[in-house]
There are 2 protein chains.
Amino acid sequence: MTRLTSLRNEMEKKGFGGYFTMSVKNIYYLTGFKDISGAALSLIIPLDGTPVLLTQPLSYVAASEKAEGCVVKDVGFKGSFLGETVRELRRLKAERLGFDDLTIAMYLSLGEKLGGSMKLIHSPETVMRLRRRKDEREIQYIMRAAMLTDEGAEAGIEAVKAGIHEYEIAAEIEYAMRIHGSEGVAFETVVASGPRSALPHGLSSDRIVREGDFVTMDLGAVYSGYCCDITRTVTAGKPSSKQLQMLDTVLKAQREAFKSIRAGEKTRSVDDAARRVLEEEGFGGSFIHGLGHGVGLDIHEAPTLSPKSREVLEEGNVVSNEPGIYIQGFGGVRIEDTVWVHRDKGENLTKAAYHKR
Amino acid sequence: MTRLTSLRNEMEKKGFGGYFTMSVKNIYYLTGFKDISGAALSLIIPLDGTPVLLTQPLSYVAASEKAEGCVVKDVGFKGSFLGETVRELRRLKAERLGFDDLTIAMYLSLGEKLGGSMKLIHSPETVMRLRRRKDEREIQYIMRAAMLTDEGAEAGIEAVKAGIHEYEIAAEIEYAMRIHGSEGVAFETVVASGPRSALPHGLSSDRIVREGDFVTMDLGAVYSGYCCDITRTVTAGKPSSKQLQMLDTVLKAQREAFKSIRAGEKTRSVDDAARRVLEEEGFGGSFIHGLGHGVGLDIHEAPTLSPKSREVLEEGNVVSNEPGIYIQGFGGVRIEDTVWVHRDKGENLTKAAYHKR
């Protein structure tokens with residue numbers, strides 16, 4: 001079944017006469033044409049008949065070559081992108097139009113111009129429901145991204161030493177991924193050392209790593225548009241006994257969570273498996289985020305693994321498994337792998353070493 | 001005058017009793033606290049009284065340390081981010097609430113919960129009007145980003161040779177920026193060679209550069225959150241006479257546009273200065289995008305330089321100047337610098353060589 005057919009099944013269930021997306025990632029998913037983020041593209045999908053992809057001149061040639069299963073139209077250098085989009089949407093003659101994330105400006109304009117004639121229904125889960133179950137080709141792309149991510153993690157672990165700037169470690173990580181073929185970074189690389197390792201969103205700074213520091217590195221490569229995600233925490237020099245205890249505890253929590261990963265498992269139970277270990281070891285209050293998230297074209301997508309999530313893992317999901325302990329003023333540890341969900345188990349796609357050799 | 005005071009002047013003009021932003025960049029601009037893109041933050045600004053910044057636990061410590069001129073509140077690991085945001089917005093007791101870009105989901109939720117009691121007015125230009133005029137500190141950051149961008153461009157030009165993959169050139173460019181202190185890339189690096197150089201959104205691929213190819217490299221560094229933007233096009237080996245003509249024409253067009261840059265000039269006149277040169281040389285139809293865009297916390301922001309734009313340059317604007325010629329099947333040339341707008345002239349902040357030595 002093609003993705004378009006699957007989408008139409010979803011549309012039919014929801015009573016949508018048409019579906020509209022400007023998401024560069026959804027358009028890549030549905031047509032195979034990948035533009036840069038921020039490009040103006042409109043994909044208009046009737047329940048029956050050929051979808052239309054509207055582009056601006058600077059995307060038109062590439063779109064014509066790559067986009068499958070749709071007609072590609074150029075709005076022209078002087079044409080109105082909004083005007084042409086509205087015209088195509090009117091042609092659908094749909095009573096109910098499903099759509100996913102747009103800018104507020106676009107949404108308000110569409111409401112004004114179309115609100116009288118069709119009902120606009122925000123329904124991003126229509127495509128996400130398909131995207132969360134990865135097919136064989138998508139898994140191959142994520143596996144390739146995982147190999148590149150491992151290259152980055154190993155280069156980062158190798159680079160950690162007293163005297164180096166955090167951003168220099170980030171440079172080595174990103175270079176290792178890029179030179180092996182990563183399309184860039186899946187997200188802003190985190191290299192957070194010393195007390196900064198207690199900041200989950202620490203990014204990298206010009207701080208100089210000192211002997212004995214924790215260094216947390218959270219990074220990801222991209223291949224054919226697909227992301228991967230890994231975190232490693234090592235120390236510059238020998239870890240103290242408290243550091244060792246934190247490292248061992250987080251690794252144990254991560255392994256317990258991993259063991260519970262399989263299709264049919266509740267996402268919150270997987271979170272709970274890690275959280276219980278941290279609580280038992282006295283670090284419960286220090287794990288201040290959910291255990292993980294889906295990984296695919298977006299670095300954060302469905303499903304979510306957290307105490308609040310009410311989802312169930314499916315075969316073909318790819319999720320991060322990333323428990324952490326954050327002690328303000330002292331430092332933090334996070335260990336993360338990207339896991340492919342099978343019928344009866346999980347499979348770690350990232351395989352970089354957990355320790356500095 | 002602080003940025004908050006300037007914002008309140010704008011709010012008063014528009015009759016806003018409050019302003020609401022979840023934009024990580026606007027929050028950095030207004031408070032000095034920079035989180036990662038995608039972080040959940042709400043900044044609620046009353047016309048009088050202290051603004052409130054709501055964070056999740058994983059951002060709270062960093063926000064408390066860095067955010068100025070506001071009270072920072074943690075919604076807690078089990079708290080509802082939406083619920084707390086609505087509660088703070090209700091406290092404003094504003095009749096009219098200005099806001100900028102939100103997700104559609106957030107916008108619809110706010111409309112449902114607040115629509116009865118206050119008028120929600122999408123007004124992203126309220127903050128952008130301030131952001132487009134850079135102050136001294138912002139210019140310093142952009143200048144630093146420009147130096148890092150030049151490092152990237154020079155490394156890219158140096159790396160161009162027959163036999164190298166496009167992505168390897170991208171790796172060298174990004175490493176050079178990063179190792180000197182860039183916070184990452186301002187946007188996905190473009191390395192488009194041979195016929196691919198005719199694609200303005202070409203990104204980089206695994207194509208191997210051949211002798212005689214055009215190689216267009218479009219790249220940018222980031223410093224303290226501020227972006228910079230440069231494009232250079234060189235040939236692998238000696239350019240042909242047609243390639244030389246294209247390179248010279250684009251450079252001439254870029255210089256003519258540069259000469260017209262000053263405060264008070266219409267943005268479309270600057271575009272026109274470049275476009276006229278390309279038309280006179282017979283390449284008019286090949287320049288299929290606008291001449292430039294503002295550069296700052298976003299890589300594309302106000303003002304826009306294009307035939308359709310109806311803006312006027314101001315002192316303190318920073319804009320890109322990037323004419324191009326794209327001939328499908330043959331190749332393309334784009335040359336771009338980032339320009340600081342003064343009262344009576346422009347100043348190129350990027351200074352990398354235009355040619356391979």
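**Backbone exceptions, core and chain contact**

B:P303 sits in strand 13 (residues 301-305) of chain B. The peptide bond that leads into B:P303 from B:A302 is cis, with omega near -5°. The model discussed here is a predicted one. In chain A, the bond from A:A302 to A:P303 is cis, and its omega is near -5°. A:P303 belongs to strand 13 (residues 301-305) of chain A. Most residues other than glycine have a negative phi, and most peptide bonds are trans.

Departures in phi appear in chain B as well. B:K93 is not a glycine, yet its phi is positive, at about 50°. The residue lies in the loop that runs between helix 4 (81-91) and strand 5 (96-99) of chain B. B:K93 counts as exposed, because it has 11 C-beta neighbours inside 10 Å; the cut-off for exposed is 12 or fewer. B:S224 also has a positive phi of about 50° and is not a glycine. Its place is the loop between strand 9 (222-223) and strand 10 (226-227) of chain B. There are 15 C-beta neighbours of B:S224 inside 10 Å, so B:S224 counts as partly exposed.

Helix 2 was examined next, chain by chain. In chain A, helix 2 spans residues 24-31, and 7 of its 8 residues are buried. The helix is therefore largely enclosed by the rest of the structure. The buried residues are A:V24, A:K25, A:N26, A:I27, A:Y29, A:L30 and A:T31. Their packing partners in chain A include two helices, helix 1 (3-14) and helix 6 (125-131). Strand 1 (18-21), strand 2 (41-46) and strand 3 (52-55) of chain A also pack against them. Just past the end of helix 2 of chain A comes A:G32, with a positive phi of about 90°.

In chain B, 7 of the 8 residues of helix 2 (residues 24-31) are buried, so this helix too is largely enclosed by the rest of the structure. B:V24, B:K25, B:N26, B:I27, B:Y29, B:L30 and B:T31 make up the buried set. These residues pack against helix 1 (3-14) and helix 6 (125-131) of chain B. They also pack against strand 1 (18-21), strand 2 (41-46) and strand 3 (52-55) of chain B. B:G32 follows directly after helix 2 of chain B and takes a positive phi of about 85°.

A charged residue is buried in helix 4 of chain A. A:E88 is found in this helix, which covers residues 81-91. A:E88 counts as buried because 21 other C-beta atoms lie within 10 Å; the cut-off is 20 or more. Beyond its neighbours within four places in sequence, A:E88 contacts A:I44, A:V52 and A:L54. A:V52 is 36 residues away from A:E88 in sequence, but the C-alpha to C-alpha separation is 7.8 Å.

The largest nonpolar core holds 204 residues. The residues with the most contacts inside this core are A:L53, A:A145 and A:C228, together with B:L53, B:A145 and B:C228. A:A145 touches A:A221, A:V222, A:Y223, A:Y226, A:C227 and A:C228, leaving out residues up to four places away in sequence. In soluble globular proteins, nonpolar side chains tend to be buried together.

Helix 7 (residues 136-159) and helix 8 (residues 166-179) of chain A pack against each other. Their axes come within 7 Å and cross at roughly 150°. Because of that angle, helix 7 of chain A is roughly antiparallel to helix 8 of chain A. Helix 7 contributes A:L148, A:T149, A:E151, A:G152, A:A155, A:G156 and A:A159 to the contact. Helix 8 contributes A:I169, A:E172, A:I173, A:E174, A:A176 and A:M177. By type, the residues of this contact divide into 7 nonpolar, 3 polar and 3 charged. The crossing of helix 7 of chain A with helix 8 of chain A is right-handed.

The contact between the chains takes 40 residues from chain A and 40 residues from chain B. On the chain A side, the elements that give two or more residues are helix 3 (57-66), helix 5 (104-114) and helix 8. Helix 8 of chain A supplies the largest share of that side, 8 residues. The residues of chain A that touch chain B divide into 22 nonpolar, 11 polar and 7 charged.

Methods:
Residues numbered from 1 in each chain as written. Chains lettered and ligands numbered in written order. Predicted model: local features only at pLDDT ≥ 70, side-chain atom pairs only at ≥ 80, totals over all residues. Core = buried A, V, L, I, M, F, W, Y, C linked by C-beta atoms within 7 Å. Contact = placed C-beta atoms within 7 Å. Axes fitted to C-alpha atoms, helices over the stretch in contact; angles between N-to-C directions. Helix = DSSP H or I, 4+ residues; strand = E, 2+ residues; numbered from the N terminus. Parallel < 35°, antiparallel > 145°, perpendicular 65-115°, else oblique. Left-handed = near helix turned anticlockwise from the far one by under 90°. Nonpolar A, V, L, I, M, F, W, Y, C, P; charged D, E, K, R; others polar.
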